[in-house]
Amino acid sequence: MVKKLPVGVEFFEDFFTGNYYYVDKTMFIAELLQNMGKVNLFTRPRRFGKTLTMDMLKCFFEIGTDGKLFDGLKISQETELCEEYMGQFPVISITLKSVDGRDFQSAVAALKVVIGNECLRFQLLGKSDRLSEIEKNRYQALVNVGADGDFTMKESALLSSLQTLSQLLSKHYGKKVILLIDEYDVPLDKAFQGGYYDEMVTLIRNLFGNALKTNPDLEFAVITGCLRISKESIFTGLNNLNVMTITDEYFNDSFGFTEDEVRELLEYYGREEAIDTMRDWYDGYRFGGASIYCPWDVIKYTQALRRNRKAFPGNYWANTSGNDMVRRFIDKADQTTRDEIEQLIAGESIRKAVSQELTYRDLDSSIENLWSVLLMTGYLTATERISAKEYMLSIPNAEINDLFITQVKEWFKDTSRADLSRIEKFCAAFPGGDVKLIGDMLHDYLWDSISVRDTAVRKDMKENFYHGMVLGLLQSRSDWLIRSNAELGNGYSDIIICTPDRIGIVIEMKYAEDGNLGKGCAEALEQIEDRKYAVGLGQRRMDKIIKYGMAFCGKECMVVMAE
C-alpha cells in the first residue's frame, strides 16, 4: 500500500500508525546528544519541521515510550545510545504557537491552557506515593479548572509552573526532566502586534528563568523559534545557552529536506521528472553549509503532482506564514533600499550586516534590522559569509521571488492610488493625447517605485509587471470600460479603454531587452496595426480611436502615439 503524504502531520507517532511517508530525521537525536548544552535554542523559519522534530524527541526520551516507533529508522542503529537514553526520562513538552490574544489577559489565559493541559498529562502525580501532600497540592494548583472551564492557577503559580512540574516529575521518577518548548517567540510576536509587549516579555522572562536557570531538576532543554530574542533578556543569566541559528555550520540538514531526500520522495511517488521544477521553486535555503528545501512546499507540490503530473507549482509556504514582514519592509524602503529589492528580484545578491540578536522593538527602528529579520524568517537566504557579521543575501527560490513581486505590486497599487489628484491627471492625459505627460508621469512612477528589471525572469513576465502597473493606475477611473488582454481584431491587446464620450484607446506594451525604447514603441504600434486592434475597437462604435505604443526597460520608458 502506497504511503500517504503527511500533509499537516505534526505528531511523530502518527507517521507510523497512519501509514504516512516519513523522511528519516532521527539522527538529529544523536547529533543533539553529542553537541548539546544544558539549554539548546534552534532558530529556523516556520514550516521547516520544528514541531515534528520536538515531538520526535518527546517520543524518544519519554518514559513509557514505544521503542518500536524507531525500529528500522537510522537512530535504531545507535544501539548503545538507544539503551542509555530511549524511554529514560520524564519529558515536559509544550508549544507556544497558540499563545495569542487581543490583550495581555487573553494571552495569559491561553498560556495557562497550554501549561495546564501539559500538567494534566501527568495525573499520576496527584496519587503518587513518592510525593508529600504539600507537593500533591502544588500539582493540583496547576490543574484546577473553574466553572467556566478555564485553568485557575494564580500568576505566581504560572510563573513557576514549569519548574514546579519538573520538581514533581523528578521526585516521582527519580530522574531529571527534559524540557521541550516549541515556538517560544510566538507570544512575543503576537504581543508586539497587540500592544502588550512589555507585559509579555516580563512573563516569559520569569517563566523561562525559573524553568531553565534555577532548576536543579533539569536534565536539558530544547527550545525552537524563528528569531533569537537575546536583547530582551528572555534568557537572562543562562550562561550555558547553546544557540544554533541558520548560519551555524552544524545541524545543517536536521530541519527541512535535502536534495537527496526530495529525489527519493519523488521517486517513491513516481514523479521524479519534477525535480528541476521542485528545485527552482522550493530549494535554495542555506542552513550552515547545506542547501535545503522547504518540506511543507515539497509535500504540497507532490500532492498536486499526484493529482496532475503537469500541475504548476504553487506559493504554499507564503500562504501559510503571513507576508506582513515583506510588506512592512517595502513600506519602509527608501530609494536605495528599493534599488536593492530590485537587485534581489533580479536574482542578484547584496551585501548586508546581519544582527541575529534583536528585540521586536528593533524591527522598525531601522531598515537594516528588517534585513536581518527577513533572513531569519526565510524570506532571504545567506549565500556567502563575508565576515563575522556580513553576508551576501539573496531570494532563495522562485516561490519567494513571486511573493516579493506580488507584494511590490500591492504596495505600488496602494501608494500610487493614495495621490488621487496625481492619478487623475495621469488618466486624463490618455483621451487627451498628451504623450509627453503620460511618459513623464510614468517615468516618475517608475522612479518612485520598485520595478522588475532582471535577467532571471522571462521577458513576458517583465512585460506583465509593467502591464500590471499601467493597468492598476488606469483602473482608478470607475466610469471607464477597461479590458486587459481582451480579444480584439486578430489577437489579444494589452489594454483597451472605452470612455463615456466614445473615445477608444488601445495600448500595447513591450519590454526592450536591449534598451532600445524607440524600437520597442515601433514594434508595439506595428502590432496594433497588424492585428487590427483599432478595427475591432471601432466596431464598438467608438467615435475616436487613439493608439499608444509603450516600451520599458528598468526604470526607463517611452510612449508614442500613432499619427
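**How the labels in this model are earned**

Author: Let's start inside the fold: the buried residues of H2 pack against strand E1 (39-43), helix H3 (50-61), helix H4 (79-85) and strand E4 (218-225). The model is a predicted one.

Reader: Which residues of H2 are the buried ones?

Author: Phe28, Ile29, Ala30, Leu32 and Leu33. Each of them has a relative accessible area under 20%, because that is what the word buried stands for here. Across the protein chain, 56% of the 563 residues are buried.

Reader: What does the rest of the chain look like in outline?

Author: The protein chain has 23 helices and 15 strands. Its C-alpha trace spans about 95 × 50 × 50 Å along the principal axes. Of the contacts with a separation of 6 or more, 72% are between residues 24 or more positions apart. The accessible surface comes to about 24,300 Å², and carbon and sulfur atoms account for 45% of that surface.

Reader: Why does Thr302 count as buried?

Author: The relative accessibility of Thr302 is 0%, and the limit for buried is under 20%, so Thr302 meets it. This residue lies in helix H13 (residues 295-307).

Reader: Which residues does Thr302 touch?

Author: Leaving out residues up to four places away in sequence, Thr302 touches Leu5, Leu265, Leu266, Tyr269 and Met278. To count as a contact, heavy atoms have to come within 4.5 Å of each other.

Reader: What makes the phi of Asn19 worth a remark?

Author: Its sign does: phi is about 60°, a positive value, and Asn19 is not a glycine. Most residues other than glycine have a negative phi. You will find Asn19 in the loop between helix H1 (14-17) and helix H2 (27-35). Phe251 also has a positive phi, near 60°, and is likewise a residue other than glycine. The loop that holds Phe251 runs between strand E5 (241-244) and helix H11 (259-268).

Reader: Is Asn19 buried, exposed or partly exposed, and which of these is Phe251?

Author: Asn19 has a relative accessible area of 23%. Partly exposed covers the range between 20% and 50%, so Asn19 is partly exposed. For Phe251 the value is 1%, which is under 20%, so Phe251 is buried.

Reader: How do you know that Arg121 and Glu62 meet in a salt bridge?

Author: Their N to O distance is 3.0 Å. A salt bridge needs a nitrogen and an oxygen of such side chains within 4 Å, so this pair qualifies. The two are 59 residues apart and link distant parts of the chain, with Arg121 in the loop between helix H5 (104-120) and helix H6 (133-143) and Glu62 in the loop between H3 and H4. Arg121 also meets Glu118 in a salt bridge, at 2.9 Å. The structure holds 20 salt bridges.

Reader: Which label, buried or partly exposed, goes to Arg121, to Glu62 and to Glu118?

Author: Arg121, with a relative accessible area of 35%, is partly exposed. Glu62 at 14% is buried, and Glu118 at 7% is buried too. Both glutamates have values under 20%, which is why they get that label.

Reader: What makes Glu368 and Lys352 a salt bridge?

Author: Their side chains meet at 3.6 Å, N to O, and that is within 4 Å, so the pair passes. Glu368 lies in helix H17 (residues 367-376) and Lys352 in strand E8 (residues 350-353), so parts that are 16 residues apart in sequence are tied together. At 37%, Glu368 counts as partly exposed, whereas Lys352 at 9% counts as buried. Elsewhere, salt bridges with shared partners join Glu259, Arg263, Asp276 and Arg279 into one network.

Reader: Which residues gather in a patch of negative charge?

Author: Glu513, Asp514, Glu523, Glu526 and Asp530 gather in that patch on the surface. Patch members need over 30% relative accessible area. Glu523, in helix H22 (residues 517-530), has 35% and is partly exposed, so Glu523 is over that limit.

Reader: How far apart are the mean positions of the positive and negative charges in the protein chain?

Author: They are 3 Å apart, taken over 68 positive and 85 negative charges.

Technical notes. Residues are numbered from 1 along each chain as its sequence is written. This is a predicted model: local features need pLDDT of at least 70, side-chain atom pairs count only at pLDDT 80 or more; totals for chains, interfaces and linings use all residues. Side-chain values use heavy atoms; hydrogens and water are left out. Helices (H or I, at least four residues) and strands (E, at least two) are DSSP runs, numbered from the N terminus. Buried means under 20% relative accessible area, exposed over 50%, partly exposed in between (1.4 Å probe, protein chains only). Accessible areas come from the Shrake-Rupley method with a 1.4 Å probe; for residues, only the protein chains shown count as cover. Lys and Arg count as positive and Asp and Glu as negative; His and the chain ends are not counted. The place of a charge is taken as NZ of Lys, CZ of Arg, CG of Asp or CD of Glu. Patches are made of residues with over 30% relative accessible area and no salt bridge: like charges are joined within 9 Å, nonpolar side chains (Val, Leu, Ile, Met, Phe, Trp, Tyr) within 5 Å.
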